[in-house]
Amino acid sequence: MTVSVAVTGMGAVTGHGLGCERFWSAIESGSSCIRPIERFSTDGFKVKLGAQLGSRYFTDADGADGPELGFTMAVMAGREAWDQAGLSTREVAPGRIAIVLGSGLGDEGDGLHRLTEKVADHLGIAGPRLTISTACCSSTNALGVGRELLADGSADAVLAGGVDVLTPEVF
């Protein structure tokens with residue numbers, strides 16, 4: 001039996017700013033978000049440029065540039081994707097919603113799976129919670145694992161994607 005799986009919502013928090021609309025506009029116009037890095041000192045690095053989300057997109061309450069930045073970005077993108085999908089926990093039981101979060105290094109100060117747990121708790125996701133860490137392809141692999149959870153009936157909806165914070169270690 002073939003199971004149809006569809007992407008019904010997307011969320012984005014990128015160097016271009018918040019939201020898919022801003023991200024797609026930047027892609028269509030060919031604009032770049034590569035600029036001098038401000039989050040940390042680049043002394044000792046040959047390269048001084050990178051794609052970073054500036055604190056101008058957050059309020060102090062959002063945790064901009066703090067140890068919770070990855071969590072904040074993942075929650076913002078997750079909410080946008082959920083809203084785009086037009087789903088509610090009245091339509092899909094929280095225990096039937098899975099999260100698959102890909103990340104190379106996670107969030108500053110948090111282990112990889114702890115970040116997934118915090119995002120799931122914050123968004124009310126009570127189903128399977130999986131963390132994928134396969135370097136640069138973590139997010140892509142998270143999408144594939146999410147598809148498998150839907151196809152094998154382990155979940156009725158999956159929030160899948162990835163998050164990484166630009167840190168000296170990632171850079």
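How exposed is Met10, and what is the relative accessible area of Met10? Met10 is partly exposed, with a relative accessible area of 36%. Buried here means under 20% relative accessible area, exposed means over 50%, and partly exposed is in between (1.4 Å probe, protein chains only).

A word on the model: this is a predicted one, where local features need pLDDT of at least 70, side-chain atom pairs count only at pLDDT 80 or more, and totals for chains, interfaces and linings use all residues. Residues are numbered from 1 along each chain as its sequence is written, and side-chain values use heavy atoms, with hydrogens and water left out.

**View A. Met10 and a nonpolar surface patch.** Look for Met10 in the segment before β1 (13-14); strands are DSSP runs of E with at least two residues, helices are runs of H or I with at least four, and both are numbered from the N terminus. Together with Val7, Trp24 and Ile27, Met10 makes a nonpolar patch of about 400 Å². Patch members have over 30% relative accessible area and no salt bridge, and nonpolar side chains (Val, Leu, Ile, Met, Phe, Trp, Tyr) are joined within 5 Å. A salt bridge puts a side-chain nitrogen of Lys or Arg within 4 Å of a carboxyl oxygen of Asp or Glu. Areas come from the Shrake-Rupley method with a 1.4 Å probe.

**View B. Helix α3 and its cover.** Helix α3 covers residues 112-123, and its end C-alpha atoms sit 17 Å apart, which agrees with the 16 Å expected for 12 residues at 1.5 Å a residue. That expected span is 1.5 Å times one less than the number of residues. Leu115, Thr116, Lys118, Val119 and Ala120 are the buried ones, and their cover includes α2 (69-85), β5 (97-102) and β6 (129-132). Just past the helix, Gly124 takes a positive phi of about 75°.

**View C. Ser103 in the loop between β5 and α3.** Ser103 counts as buried, at 2% relative accessibility. A polar atom of its side chain lies 2.7 Å from the backbone oxygen of Val163. The Ser103 side chain also makes a polar contact (a donor and acceptor pair of N or O atoms within 3.5 Å; sequence neighbours count only if both atoms are side-chain atoms) with the side chain of Asp164, at 3.1 Å.

**View D. Ile132 in strand β6.** Ile132 is buried at 15% relative accessible area. Its C-alpha is 6.1 Å from that of Leu101, although the two are 31 residues apart along the chain. Beyond four places in sequence, Ile132 has contacts (heavy atoms within 4.5 Å) including Val100, Ser103, Asn141 and Val145.

Notes: Patch = residues over 30% accessible without salt bridge, like charges linked within 9 Å, V, L, I, M, F, W, Y side chains within 5 Å.
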